[in-house]
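Let us read a few features of this structure together, taking each in turn as a learner and a teacher might.

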Amino acid sequence: MLRALTHIMTNVCERVPIPKNGVDYRGKIVLAPMVRSGELPSRLLALKYGADLVWGPETIDKALIGTTRRINTVTNTVDFTRFSSNGAKNPDVNPDQRESIIYRLHPSREGRQLIYQIGTSNPDTAVEAAKLIAGDVAGIDVNAGCPKPFSTSGGMGAALLKTPDLLCDILRALVSEVGNPFEIGISVKIRLLETPEQTETLVRKLCATGITGLTVHCRTTPMRPRERAIRQQLPLVRRLCHEAGIACLMNGDVTSRDEALQLMKEYGVDGAMIATAAETNSSCFRANDDGGMAPWTEVVAEYVKMALEVENRYGNTKYLLGQMIPGKSPVYRQMTQCKSYSELVKALGYGDELSHLAQEVDQKLDIGTSRKTTKAERKMQEKASKKAQVNGAFSRKRQIEATATHQAQPQAIKRKADAAELDEMPADIARETGPGTLSEQASVLAV
Ligand SMILES: Cc1cc2nc3c(=O)[nH]c(=O)nc-3n(C[C@H](O)[C@H](O)[C@H](O)COP(=O)(O)O)c2cc1C
């Protein structure tokens, strides 16, 4: 009912062509593309809590080219795999472990709600890669917004905003050679340019390429993630898109379904995309009328179950738990010490059913207590123990101050520490720690 009302309430674009195998982006509140944080279980979780569409993590064209498409009958997923460089050469490596999963999707649970985001700077390789996956997804989105040097130095991401003709060539090639034959949508995700005039020139060009959707991240390329999104240019972008019959989605500091609906109405855009709020707690996609935000304990339990069901890479699961479990919870520290799914399930206090599944998945993925701690995990553990020290020092400080005065100073310090932790952008952590696996290299390279 609420979703149907969205169309009436908002100033949606009237004439967007919807390809037979594609989706209508209008009236949708969607999960943003997020390297590391947008892997399969995170997408399933977002869908469970009501996301209308999910974008997969950006994966660069060259990483997908050369992969083999396999149907995994255990997890019911479609896996795009390739031999890992050490696994292929090393006969001691378990055959199951020799292949790296570059991209994993779940046709029956994600169905036609999944958009594949590509990192590219070349129309030919973009088309070659997109053709491999076009039959499994509802759309292909080009990332033209990542500001990081490892992406821009390859001419990808936000660098494409400075080479609009190349970006348009890529989009036109994708529309004619992938979008049209596979009957799916081609879209683009951009950032704002410095002035409305510059943004207008760019968006007009993009709108003439045959795309059916455009997402605008309401920050300029130099803006840091923690700077507030700016929305002054949004009505302009929306107007240009609507004149061309293209759905316009807004992104940047949208934190819940109800807020998204209100913003869509205010700015007349067709949809809204949520990243960091969903990374922390996917129930942000649930309307207040349907229960609203769920406690993190519930969301984490759902996430672990989904991660086990699809045999998610253990390091990735743990990384996501680091985003979802509040650092001040005692469980956070315990979680950072775990070396396997079995330990994790125990630390989180889940029952026998999950415990058995965890053991099976550990065996399948060859995870055990002898497993080496990864660099990312070491960082997480250090962070947890630093936090414990800070909290320890803080409680001591509070005891002393409480005896001396009843002022709320320690609370302020604590809030500051918590805010600092929240400010620590996961994407930055991913970049600092560096990608661990081939699939992470494939996607982290491109954020
Ligand atoms: C962990 C993380 C990974 C991201 N990876 C991508 C990506 O693969 N592709 C992309 O276009 N943007 C990526 N972004 C940017 C988000 O999609 C989004 O544009 C940005 O976070 C602003 O939305 P928000 O204010 O809701 O967080 C990433 C952001 C985060 C936090």
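Q: Where is glutamate 311 found?

A: In this predicted model, glutamate 311 belongs to the loop that connects α14 (296–309) with α15 (314–324). Its phi is near 50°, which is a positive value in a residue other than glycine.

Q: Does a loop position settle the matter of burial, or how should I read it: is glutamate 311 buried or exposed?

A: Burial is read from a count of neighbours, and a residue is called buried if 20 or more other C-beta atoms lie within 10 Å of its own. Glutamate 311 has 22 C-beta neighbours inside 10 Å, and therefore counts as buried.

Q: What does the phi of aspartate 366 look like, and is this residue buried or exposed?

A: Aspartate 366, although it is not a glycine, has a positive phi of about 60°, and its place is the loop between α18 (352–365) and α19 (375–404). The count of other C-beta atoms within 10 Å is 12 for aspartate 366, so this residue is exposed.

Q: How do I read the pattern of buried residues along a helix?

A: An α-helix has 3.6 residues a turn, so residues three or four places apart point the same way. In helix α12 (residues 257–267), the buried residues are Arg257, Ala260, Leu261, Leu263 and Met264. Because they cover an arc of only 165° around the axis, they lie on the same side of α12. The helix α12 is followed by glycine 268, whose phi is positive, near 70°.

Q: In what order do the strands of the open sheet run, and how are they paired?

A: The three strands have the order β4-β5-β6, with antiparallel pairing. An edge strand is recognised by pairing on one side only, and here the edge strands are β4 (68–72) and β6 (99–105). On average, and with direction ignored, neighbouring strands of this sheet are turned by 35° against each other. Strand β5 (residues 77–83) is joined to β6 by six bridges, and valine 78 has leucine 105 in β6 as its bridge partner.

Q: Which residues come nearest to the ligand, and why does the ligand lie between the two domains?

A: Around the ligand there are 27 residues, of which Ala32, Met34, Glu58, Ala275 and Thr276 come nearest. The elements giving two or more residues to this shell are α13 (276–280) and α21 (426–433). By character, the shell divides into 15 nonpolar, eight polar and four charged residues. Since domain 1 (2–290) and domain 2 (296–444) both contribute residues to the shell, the ligand lies between them.

Terms used:
Residues numbered from 1 in each chain as written. Predicted model: local features only at pLDDT ≥ 70, side-chain atom pairs only at ≥ 80, totals over all residues. Near = placed C-beta within 6 Å. Helix = DSSP H or I, 4+ residues; strand = E, 2+ residues; numbered from the N terminus. Nonpolar A, V, L, I, M, F, W, Y, C, P; charged D, E, K, R; others polar. Domains from an automatic or database assignment. Pairing = 2+ DSSP bridges. Axes fitted to C-alpha atoms, helices over the stretch in contact; angles between N-to-C directions. Arc of directions from axis to C-beta.
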